[in-house]
Structure formats: C-alpha cells, structure tokens
Amino acid sequence: ARIRQIYGYIDQHYQRKVTLEEVAALSNLGKEAFCRYFKKATGNTFIQFLNQYRISQAKRLLLLDKNVSETCFACGFESLSYFNRIFKKVTGENPTAFKKRHL
C-alpha cells in the first residue's frame with residue numbers, strides 16, 4: 001500500500017521538483033529509512049526510479065512531436081544537459097535520435 005501511494009504521488013507530481021524529504025514524509029519514514037525501504041521494495045534508488053519514470057513520460061511526449069527542450073521541462077527536469085544524459089543512460093540514445101527513429 002505504501003509503494004502504491006508513492007507511485008501515485010510521483011504520477012501526480014513528476015512535472016515539478018520532487019524531493020526525497022517530501023516523499024519520505026508522505027510514507028511516514030525518515031529519509032534514510034525511506035531510502036532503504038524503497039531500494040528493497042523496487043530494486044532502484046528513489047532518484048533512479050523518478051528519472052526512469054520521467055524518461056518514460058518524456059518518450060511519450062517526444063512521440064507526440066514535442067520538441068526536446070519543451071519535453072525536458074514538462075517532465076520535471078531542471079537542466080537540458082542532465083535530461084539528455086539521463087535519457088541516453090535509460091534508453092541508450094539521445095532524445096533527438098529517439099524522436100527521429102520513431103517519427
């Protein structure tokens with residue numbers, strides 16, 4: 001139930017900055033306890049999970065023909081270079097190549 005609540009929260013708030021503190025508080029856990037719990041439950045750190053979720057949303061927006069910088073900020077990333085780096089890490093290609101290959 002706790003993980004479902006966290007997933008729901010991410011689904012609603014991924015477009016803005018989501019802090020570890022607020023999600024830990026939502027789960028009624030301290031920061032360290034939340035990190036241990038989340039890693040054990042999902043196999044990923046919270047930040048890895050959040051980035052993967054945002055990239056899956058970004059892929060959807062890119063396929064709707066949004067441009068890369070628009071997509072970056074719409075998915076809650078604060079820096080285009082960080083978005084490009086994480087996108088490539090998760091998908092194996094940069095956002096522009098992904099978009100060209102699929103459209």
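Rings, helices and positive phi angles in a predicted model

Mentor: This is a predicted model. Ring pairs join Y7, Y14, F34, F38, F46, F49 and Y53 into a cluster. The structure has 11 aromatic pairs in total.

Trainee: What makes Y14 and Y53 an aromatic pair, and why is the pair called edge-to-face?

Mentor: Their ring centres are 5.3 Å apart, and rings pair if the centres lie within 6.5 Å. The planes meet at 70 degrees; an angle over 60 counts as edge-to-face, so the name applies.

Trainee: Where in the chain do the two residues of that pair lie?

Mentor: Y14 is in the loop between helix 1 and helix 2, and Y53 is in helix 4. They are 39 residues apart, and the pair thus links distant parts of the chain.

Trainee: How do you know whether Y14 is buried or exposed? What about Y53?

Mentor: The cut-off for buried is under 20% relative accessible area. Y14 has 8% relative accessibility, so Y14 is buried. Y53 has 17%, so Y53 is buried too.

Trainee: Which other residues of helix 4 are buried?

Mentor: Among them are F46, F49, L50, R54, I55, A58, L61 and L62. The buried residues of helix 4 pack against helix 1, helix 2, helix 3, helix 5, helix 6 and helix 7.

Trainee: What is the reach of helix 4, set against the expected span?

Mentor: Helix 4 covers residues 46–63, which is 18 residues. From first C-alpha to last it reaches 26 Å, close to the 26 Å expected at 1.5 Å a residue.

Trainee: How do you know that the span of helix 6 agrees with the expected value?

Mentor: With 12 residues at 1.5 Å a residue, helix 6 should span 16 Å. The C-alpha atoms at its ends are 16 Å apart, so the two values agree.

Trainee: Which residues of helix 6 are buried, and why are they said to lie on the same side?

Mentor: The buried residues are F83, I86 and F87. They cover an arc of only 105 degrees around the axis, and therefore sit on the same side of helix 6. An α-helix has 3.6 residues a turn, so residues three or four places apart point the same way. R85 and K89 are exposed on the other side of helix 6. The buried residues of helix 6 pack against helix 4, helix 5 and helix 7.

Trainee: What makes R54 a charge over the ring of F77?

Mentor: The charged end of R54 is 5.8 Å from the centre of the F77 ring and sits over that ring. The distance cut-off is within 6 Å. R2 lies over the face of Y37, at 5.2 Å from the ring centre.

Trainee: Why is the phi of a residue such as N28 singled out?

Mentor: Most residues other than glycine have a negative phi. N28 is not a glycine, and its phi is positive, near 60 degrees. N28 lies in the loop between helix 2 and helix 3.

Trainee: Where does D65 lie, and what is its phi?

Mentor: D65 is in the loop between helix 4 and helix 5. Its phi is positive, about 70 degrees, although D65 is not a glycine.

Trainee: Why do N28 and D65 count as exposed?

Mentor: Exposed means over 50% relative accessible area. N28 has 67% relative accessibility, so N28 counts as exposed. D65 has 54%, so D65 also counts as exposed.

Trainee: Which residue follows helix 6, and what is its phi?

Mentor: G92 follows helix 6, with a positive phi near 90 degrees.

Definitions and conventions
Residues numbered from 1 in each chain as written. Predicted model: local features only at pLDDT ≥ 70, side-chain atom pairs only at ≥ 80, totals over all residues. Heavy atoms only, no water. Helix = DSSP H or I, 4+ residues; strand = E, 2+ residues; numbered from the N terminus. Expected span 1.5 Å × (residues − 1). Buried < 20%, exposed > 50% of the residue type's maximum accessible area, 1.4 Å probe, protein only. Contact = heavy atoms within 4.5 Å. Arc of directions from axis to C-beta. Phe/Tyr/Trp six-rings, centres within 6.5 Å; stacked < 30°, edge-to-face > 60°. Lys NZ or Arg CZ within 6 Å of the ring centre and 35° of its normal.
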